[in-house]
Amino acid sequence: QVQLVESGGGLVQAEGSLRLSCAASGRTFSSYAMGWFRQAPGKEREFVAAISWSGGNTYYTASAKGRFTVSRDNARNTVYLQMISLKPEDTAVYYCAAKYSTYSTYLPHMEYEYDYWGQGTQVTVSS
């Protein structure tokens, strides 16, 4: 069982930056690939970024590439999403998710692939 708690969301102006954190419980955090998703009002939840268990591999959706960076600290059981050059269309609830996997090349990007989810943190970007 893994429990995930996101933090770091808030209100920011366009072109600003935020760093989201996702703290995981449990002793096997390093055995999980981690992902970030987001859900904007009236839209379906969508994939943003994923990182392998070791942190050695990452994968981003096109809209996040170049602006968002996913990283992890296995010693702190935490995964991060650094976001820069934020746009109003980045406004959404951001969720982290965990998928048990020790394959370094496995970077899940579909909701059904993940085993555990956090409760989400709101990010609002004003124009």
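**A first look at an all-strand chain**

Let's start with one residue: Asn-77 counts as buried, because its relative accessibility is 18% and the cut-off for buried is under 20%. Asn-77 sits in the loop between strand E7 (68-73) and strand E8 (78-83). Its phi is near 55 degrees, so to speak a positive value in a residue other than glycine. Keep in mind, by the way, that we're looking at a predicted model.

Now, is Glu-15 buried or exposed? Glu-15 is exposed, since its relative accessible area comes to 58% and exposed means over 50%. You'll find Glu-15 in the loop between strand E2 (10-13) and strand E3 (18-24). Glu-15 isn't a glycine, and it has a positive phi too, near 75 degrees.

Okay, let's zoom out to the chain. How many helices and strands does the chain have? We get zero helices and 11 strands, so reading along the sequence you just get β-β-β-β-β-β-β-β-β-β-β.

What about overall dimensions? A compact globule of 127 residues would have a radius of gyration near 14 Å, and the chain has 13 Å, which agrees. Along the principal axes, the C-alpha atoms fill a box of roughly 40 × 25 × 25 Å.

On the inside, buried residues make up 45% of the 127. Looking at contacts with a separation of 6 or more, 60% come from residues 24 or more positions apart.

And on the outside, the chain exposes about 6500 Å², with carbon and sulfur atoms supplying 47% of that. Last one, charges: there are 11 positive and 10 negative, and their mean positions are 5 Å apart.

Definitions and conventions. Residues numbered from 1 in each chain as written. Predicted model: local features only at pLDDT ≥ 70, side-chain atom pairs only at ≥ 80, totals over all residues. Heavy atoms only, no water. Helix = DSSP H or I, 4+ residues; strand = E, 2+ residues; numbered from the N terminus. Rg over C-alpha atoms; globule rule 2.2 N^0.38 Å. Buried < 20%, exposed > 50% of the residue type's maximum accessible area, 1.4 Å probe, protein only. Contact = heavy atoms within 4.5 Å. Areas by Shrake-Rupley, 256 points an atom, 1.4 Å probe, with all protein chains shown as cover. Lys, Arg positive; Asp, Glu negative; His and termini not counted. Charge placed at Lys NZ, Arg CZ, Asp CG, Glu CD.
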